[in-house]
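User: I should like to learn how to read burial, salt bridges, pockets and cavities from a set of coordinates. Could we work through one structure together?

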Amino acid sequence: MAKHRIAILGSTGSIGKQSLEIIRNNKNLFQAEVLTANNNWQLLVNQAIEFLPDSVVIANESHYLKVKEALARFPIKVYSGKKSLEEIVENDNIDTVISALVGYSGLFPTIAAIKAGKKIALANKETLVVAGEIVMKLAEEYMVPILPVDSEHSAIFQCLVGEKGDLEKIILTASGGPFLHTPIRKLKDVTAEDALKHPKWSMGAKVTIDSATMMNKGFEVIEAKWLFGVNPKNIEVVIHPQAVIHSMVQFADGAIKAQLGSPDMRIPIQYALTFPERIFQKNNRYDFLKDGIFNFHEAEPARFRNLFLAYNALRRAGNSPCVLNAANEVAVASFLDRKIGFIDMTEVIEHTLENVSYIESPSLDDYRLSDAESRIVAEEYVKKNKNKKLICGLK
């Protein structure tokens with residue numbers, strides 16, 4: 001049986017590294033054909049030497065010569081630049097594209113992969129946050145399956161496999177992050193180091209901050225709307241600190257199905273690669289007798305304002321989710337650079353949503369322009385207010 005040939009967009013990130021672990025443990029089934037990175041050229045080189053892909057792409061062109069020289073003695077093609085990410089996924093030697101780039105950068109390579117007829121294992125939620133309607137129409141037009149890698153959306157997908165009944169509600173679970181029980185008045189004192197300590201999941205810095213603010217969950221609400229065709233009012237978020245129930249679905253008869261397991265992203269990654277089959281994976285099995293206590297809490301609007309900004313952007317539709325994403329990327333980067341405080345991120349996002357031109361039915365070019373405009377508005381607001389004490393939510 002021929003090996004399944006995989007391109008990993010973002011192979012040096014958390015999802016990318018775990019994807020390669022799955023390939024390493026199943027060399028009879030999978031071959032890494034394309035690996036890409038943005039800045040981490042050293043790790044990209046190491047991965048390429050181990051997995052011997054057909055091609056690698058280093059998006060940051062300043063690292064091209066270093067990668068080229070390091071791989072000179074190997075039969076590996078080396079490309080650079082962001083445009084190469086869109087071109088490489090069109091190669092005939094690729095069956096599945098794991099879209100694991102961070103943020104807006106994943107949108108156009110994923111679209112290129114869809115147009116090339118590749119199966120998509122989607123870990124880049126921003127693709128659907130920014131342009132969900134266009135992306136899903138393209139997937140239908142090109143008859144391309146989009147299989148979710150996010151643990152929550154994989155859980156929903158697994159619960160729906162084989163079901164013919166009417167879906168009444170999606171219940172997205174959230175761990176609540178590191179500040180679930182922190183007094184709201186003390187959130188203004190949270191540091192980047194504090195926010196990067198997620199209690200359950202090991203993720204990249206940007207996703208970890210989004211999890212701490214619950215913007216990640218807001219993005220997942222938007223993603224769920226497009227993946228599963230559900231009205232936003234039928235998508236509920238509940239806090240589940242144990243992070244064992246990865247999400248649930250409720251049907252018209254009131255029955256609820258849930259997908260459970262230890263917090264381990266290798267499970268949804270592998271399922272996306274092997275669907276509709278399941279194969280063995282060595283990991284920690286959940287022990288109900290040892291750990292079988294589940295708690296659920298409401299997502300407090302005062303604590304998790306970013307979640308409700310996402311709901312509002314989804315209801316407003318048009319280019320609002322695109323603006324939301326761009327503003328959030330600027331806000332998170334500014335927080336990690338210590339330019340603004342933790343709760344200031346919400347202020348930046350709100351200001352940007354209020355001051356960027358609204359487009360009711362955006363095209364892909366409109367999304368490009370909205371993304372650029374949003375970043376300018378957000379960055380100017382950060383620059384103007386970084387020396388002031390923004391106390392969003394506590395006014």
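User: Is Glu-133 buried, exposed or partly exposed?

Analyst: Burial is judged by relative accessible area with a 1.4 Å probe on protein chains only: under 20% is buried, over 50% is exposed, and anything in between is partly exposed. Because its relative accessibility is 42%, Glu-133 counts as partly exposed. Please note that this is a predicted model, in which local features need pLDDT of at least 70 and side-chain atom pairs count only at pLDDT 80 or more, while totals for chains, interfaces and linings use all residues. Residues are numbered from 1 along each chain as its sequence is written, and side-chain values use heavy atoms, with hydrogens and water left out.

User: With which residue does the side chain of Glu-133 meet in a salt bridge?

Analyst: A salt bridge is a side-chain nitrogen of Lys or Arg within 4 Å of a carboxyl oxygen of Asp or Glu. The partner of Glu-133 is Lys-137, at 3.3 Å from N to O. An α-helix has 3.6 residues a turn, so residues three or four places apart point the same way. Lys-137 and Glu-133 both belong to helix H6 and stand four residues apart, about one turn of the helix. Helices (H or I, at least four residues) and strands (E, at least two) are DSSP runs, numbered from the N terminus.

User: Where does H6 bend, and which of its residues are buried?

Analyst: A bend at a residue is the angle between axes fitted to the seven residues ending there and the seven starting there. In H6 the bend is about 105°, at Gly-132. Gly-132 is also buried, and other buried residues of H6 include Glu-126, Val-129, Val-135 and Leu-138. After H6 comes Met-143, which has a positive phi near 55°.

User: How many salt bridges does the structure hold, and which parts of the chain does the pair Lys-125 and Asp-150 link?

Analyst: The structure holds 21 salt bridges. One of them joins the side chains of Lys-125 and Asp-150, at 3.1 Å from N to O. This pair links distant parts of the chain, 25 residues apart: Lys-125 is in the loop between strand E6 (119-122) and H6, and Asp-150 is in the loop between strand E7 (146-148) and helix H7 (151-160). Lys-125 and Asp-150 are both buried.

User: Which residue forms a salt bridge with Asp-264, and are the two buried or exposed?

Analyst: Asp-264 pairs with Arg-266, and their closest N and O atoms are 2.7 Å apart. Asp-264 is buried because its relative accessible area is 12%, and Arg-266 is buried because its value is 16%. Salt bridges with shared partners join Asp-264, Arg-266 and Glu-21 into one network.

User: How is empty space found, and which residues are closest to the centre of the second largest pocket?

Analyst: Rolling a probe the size of a water molecule over the atoms shows where empty space is left. On a 1 Å grid over the protein atoms alone, a cavity is a set of points where a 1.4 Å probe fits but cannot get out; a pocket is an open set with protein on both sides within 12 Å along at least five of seven lines; lining residues have an atom within 4 Å of a point. Grid points are joined across faces, edges and corners, and a volume is the space filled by probe spheres set on the points.

The second largest pocket has a volume of about 280 Å³. Of its 17 lining residues, Glu-133, Trp-226, Gly-318, Pro-362 and Tyr-367 are the closest to its centre. Helices H6 (126-141) and H10 (215-228) are the elements that give two or more residues to this lining, and H6 gives the most, with seven. By class, ten lining residues are nonpolar (Ala, Val, Leu, Ile, Met, Phe, Trp, Tyr, Cys and Pro), three polar (the others, Gly among them) and four charged (Asp, Glu, Lys and Arg).

User: What lines the second largest cavity?

Analyst: There are three cavities of 30 Å³ or more, and the second largest has a volume of about 60 Å³. Its lining includes Asp-264, along with Ser-151, Trp-201, His-246 and Ile-267. Helix H7 gives the most to this lining, with three residues. The lining of the second largest cavity divides into three nonpolar, seven polar and one charged residue.
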